[in-house]
Amino acid sequence: MNFDPLYIFELLPRIIRYIPITLLMAVLAMILAIAVGLMIALARNSKNRLLSAGAAVYISFFRAIPMLVQLFLIYYGLPQLFPVFTKMDAVTAAIIGFGFKQAAFLAEIFRAAFHSVDKGQMEASLTVGMTKVQAYRRIILPQAARNALPGTGNIFISLIKETSLAFTLGVVEIFAEAKMQAAESFRFFEAYLAVALIYWLLIIVYSYLQQKLENVLDRPYRS
């Protein structure tokens with residue numbers, strides 16, 4: 001058995017320095033996914049059949065296409081159709097791809113969260129003189145956000161892991177660095193175990209922070 005645990009500790013500092021680019025892609029993609037997902041969810045719930053149908057098509061398409069195929073379509077395909085995208089770098093393409101993909105899943109999470117809020121609260125808000133926009137902003141959205149947080153957190157965890165696919169576009173992040181170190185040393189198990197441990201640590205930290213946020217949001221609802 002040719003396993004060298006000390007090599008893992010040797011690799012960790014080299015891989016850890018790429019954590020910022022991994023988190024940058026995940027956070028920016030999540031911001032994009034939340035913005036697009038919220039719009040798609042509202043459109044899906046709209047009484048306008050055209051908007052609702054368009055939102056349904058968006059959700060169906062982006063949920064069906066593999067992430068890798070989507071990244072290639074954006075980075076390699078779009079410049080052929082629209083020359084303006086030839087200047088788009090790989091990190092931007094990855095963020096767009098991750099964001100639009102996860103927006104389709106978030107839209108369904110947000111839609112379910114909206115439905116979880118009693119309809120009578122909207123009626124009560126309108127009765128006291130609020131507009132629909134005010135009712136959504138002050139009453140509906142805060143409650144829906146609390147209900148959507150666990151599912152939204154799972155999407156962010158998926159995003160952190162999916163950033164490993166950015167290496168196919170030439171982005172050097174933690175997985176790409178581990179892959180290059182493995183190819184150089186031929187210690188593939190140690191290199192991939194090192195990157196697995198880093199991903200694990202990132203998810204543990206995020207899960208802890210999410211739990212803290214859920215506890216804060218739950219305080220007004222505790223008896």
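Here are some worked exercises on the predicted model shown above.

Some ground rules before we start. Residues are numbered from 1 along each chain as its sequence is written, and side-chain values use heavy atoms, with hydrogens and water left out. Since the model is predicted, local features need pLDDT of at least 70 and side-chain atom pairs count only at pLDDT 80 or more, while totals for chains, interfaces and linings use all residues.

**Exercise 1. Get the overall picture**

Task: work out how many helices and strands the protein chain has, and what share of its residues is buried.

Solution:
- Step 1. Take helices (H or I, at least four residues) and strands (E, at least two) as DSSP runs, numbered from the N terminus. The protein chain then has nine helices and zero strands, and its pattern along the sequence reads α-α-α-α-α-α-α-α-α.
- Step 2. Check the extent: the C-alpha trace spans about 70 × 55 × 25 Å along its principal axes.
- Step 3. Sort by relative accessible area, where buried is under 20%, exposed is over 50% and partly exposed is in between (1.4 Å probe, protein chains only). Of the 223 residues in the protein chain, 39% are buried.
- Step 4. Now the surface, using Shrake-Rupley areas with a 1.4 Å probe. The protein chain exposes about 12900 Å², with carbon and sulfur atoms supplying 68% of that.
- Step 5. Finish with contacts, meaning heavy atoms within 4.5 Å. Among contacts with a separation of 6 or more, 75% come from residues 24 or more positions apart.

**Exercise 2. Tally the charges**

Task: find how many positive and negative side chains there are, and how far apart the centres of the two sets lie.

Solution:
- Step 1. Count Lys and Arg as positive and Asp and Glu as negative, leaving out His and the chain ends. Put each charge at NZ of Lys, CZ of Arg, CG of Asp or CD of Glu.
- Step 2. That gives 20 positive and 13 negative side chains, and the two centres lie 13 Å apart.

**Exercise 3. Trace the salt bridges**

Task: say which residues are linked in a network of salt bridges, and look at Glu10 and Arg14 as well.

Solution:
- Step 1. Use the cut-off: a side-chain nitrogen of Lys or Arg within 4 Å of a carboxyl oxygen of Asp or Glu. The structure holds four such bridges.
- Step 2. Start with Glu10 and Arg14, whose closest N and O atoms are 2.9 Å apart. Both sit in helix 1 (residues 5-16), four residues apart, or about one turn of the helix. Glu10 is partly exposed at 42%, and Arg14 is partly exposed at 28%.
- Step 3. Move on to Glu108, which meets Arg63 in a salt bridge at 3.8 Å, N to O. This pair links distant parts of the chain, with Glu108 in helix 5 (residues 90-116) and Arg63 in helix 3 (residues 49-64), 45 residues apart.
- Step 4. Glu108 also bridges to Arg111, with 3.2 Å between the closest N and O atoms. Those two are both in helix 5, three residues apart, about one turn.
- Step 5. Put the pieces together: Arg63, Glu108 and Arg111 form the network. As for accessibility, Glu108 is partly exposed at 25%, Arg63 is partly exposed at 42% and Arg111 is partly exposed at 22%.

**Exercise 4. Sort out the rings**

Task: classify the Phe61 and Phe62 pair, then find which residues join Phe167 and Phe175 in one aromatic cluster.

Solution:
- Step 1. Rings of Phe, Tyr and Trp (its six-membered ring) pair if their centres lie within 6.5 Å; planes under 30 degrees apart are stacked, over 60 edge-to-face and the rest tilted. The count is twelve aromatic pairs.
- Step 2. Phe61 and Phe62 have ring centres 5.2 Å apart and planes at 90 degrees, so they're edge-to-face. Phe61 is partly exposed at 43%, whereas Phe62 is buried at 14%.
- Step 3. Phe167 and Phe175 have centres 5.2 Å apart and planes at 70 degrees, so this pair is edge-to-face too.
- Step 4. Phe186, Phe188 and Tyr192 join Phe167 and Phe175 in the cluster.

**Exercise 5. Look at a backbone oddity**

Task: locate Phe186 and decide whether Phe186 is buried or exposed.

Solution:
- Step 1. Phe186 lies in the loop between helix 8 (174-185) and helix 9 (188-218).
- Step 2. Its phi is positive, about 65 degrees, although Phe186 is not a glycine. Most residues other than glycine have a negative phi.
- Step 3. With 64% relative accessibility, Phe186 counts as exposed.
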